[in-house]
Amino acid sequence: MRIPTVTDALRARRLIRDALPPTPLWSYPALARGPAAAVFVKHENTQPTGAFKVRGGLALLASMTAEERARGIVGYSTGNHAQSLAYAAARHGAPCTIVMPERPNPGKARAVTALGAELIEHGATFDEARPYAGRLAAERGARLVSAADEPEIVAGVATAYLELFEQAPDLDAVLVPVGGGSGAAAACLVAAAVAPDCRVVAVQSAASPAAYESWRAGRLVERPNRTAAEGLATGTGFALPQALMRAGLADFLLVDDGDIARAQGSLMRDAHTLAEGAGAAAYAALHAHPDAFAGRRVAVICTGGNAQEAEIARAIA
Ligand SMILES: *Cc1c(COP(=O)(O)O)cnc(C)c1O
C-alpha cells in the first residue's frame, strides 16, 4: 500500500478547499487545562457532517475517475465515515451504499439516508459489518472503501493538520483520538514535515484498545471492542495508519469511557461545545495523564459532535 506524504496532503487541500472552509481553533478561559500551559480545541465538530472524516471522503471521491465514481462506492462504518462517504458521493454524483452494524446511532443513520445513500444494517459490530461490505462491493463492481487503509482518505484528513499548524505554529503536543488511526496517522505525516518539534499523541478508549496494542506490539492485533464511543470502536489495527504512527507518534495513551463522559460534560459547560464521545477523548486524555503535558502548549482535536440524546444526558449527569 502506498504511504501518503505531505505532498498528497497539499494536493488534497486543493481538491477540497472549495467544499470545506478551515475549522476554528479556540482556547477557552474556563476550560480546565490541568498543569498544561495552554489548551486549544480544534473544532472538527463544526464540519457539515459533524466530524473530521468528511475531509477524507471528499478527497477520495475527488481523486477517483469519472468511470470509477459511476460504479459507486461501498463503505462500512459506525457512522461518521459513512456520513463522510455519503456526503462526498452526493457532491460528486456517485452511488453510495453504507453497511452499518445493527442498531446504529439513529442520528448518524438518518443523516446517511438523508444524503441519498443506501443504508444496510448488518452484524453486531463494525468488525462484522466489514466483510459483508466487501462481499457487496464485489457483487456490484463498486469500490470498497476501507475505514483507514486508504491513502487518499489519510491525505484528505491531513488537511486538518496543515490548518492546525498554521493556526498554532508553536504547539508542543497535539492529542488525536484513534479508532482506525487515519486521523493520528495524518497528524504524524504533517507534523513531521511542518512542525517537527510538536509531539503527536494518540488516544484510544481502554475498552477498545486494538490500535493502541497494535502500535505497542509493532504488528496488527485484534482486541475486544466495547467502548461506547462509536468513533473509537474498532477491534483491529489497520496497516496504513499503523505504519505512519509507528514512524511518527511520540506516545499513545488510553482513557476509559468514564473519563470521556466527564470530558464531554466539561466541553459542553466550559467550551460551549457538543462533542460525541470520540470527539471528547483527546481532551479526556489531557486530564487522565496530566503529568505528560505539564507546562506544554497542547491542541486537542474535537473530532466530532454527533452525540446521541442519551449520551448527552449521561455527560451532563
Ligand atoms: C472516526 C472517528 C475518530 C477516529 O478516527 P480514526 O481516523 O478512525 O482513527 C475519532 N473521532 C470521531 C468523532 C470519529 O468519527
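Q: How do I read which residues are near the ligand, and which come nearest?
A: A residue is near a molecule if one of its heavy atoms lies within 4 Å of it. Here 15 residues surround the ligand, and Lys53, Gly179, Gly181, Ser182 and Thr303 come nearest. This is a predicted model: local features need pLDDT of at least 70, side-chain atom pairs pLDDT 80 or more, while totals for chains, interfaces and linings use all residues. Numbering runs from 1 along each chain as its sequence is written, and side-chain values use heavy atoms, without hydrogens and water.

Q: By class, what residues make up the shell around the ligand?
A: Ala, Val, Leu, Ile, Met, Phe, Trp, Tyr, Cys and Pro count as nonpolar, Asp, Glu, Lys and Arg as charged, the others, Gly among them, as polar. The shell has four nonpolar, nine polar and two charged residues.

Q: Where does an oxygen atom of the ligand meet the side chain of serine 182?
A: A polar contact is a pair of N or O atoms within 3.5 Å. For serine 182, a side-chain N or O atom is 2.5 Å from a ligand oxygen. For asparagine 80, the side-chain distance is 2.8 Å. Glycine 183 uses a backbone N or O atom, 3.0 Å from a ligand oxygen.

Terms used. A polar contact is a pair of N or O atoms within 3.5 Å; within protein, one must be able to donate a hydrogen and the other to accept it, and residues adjacent in sequence count only if both atoms are side-chain atoms.
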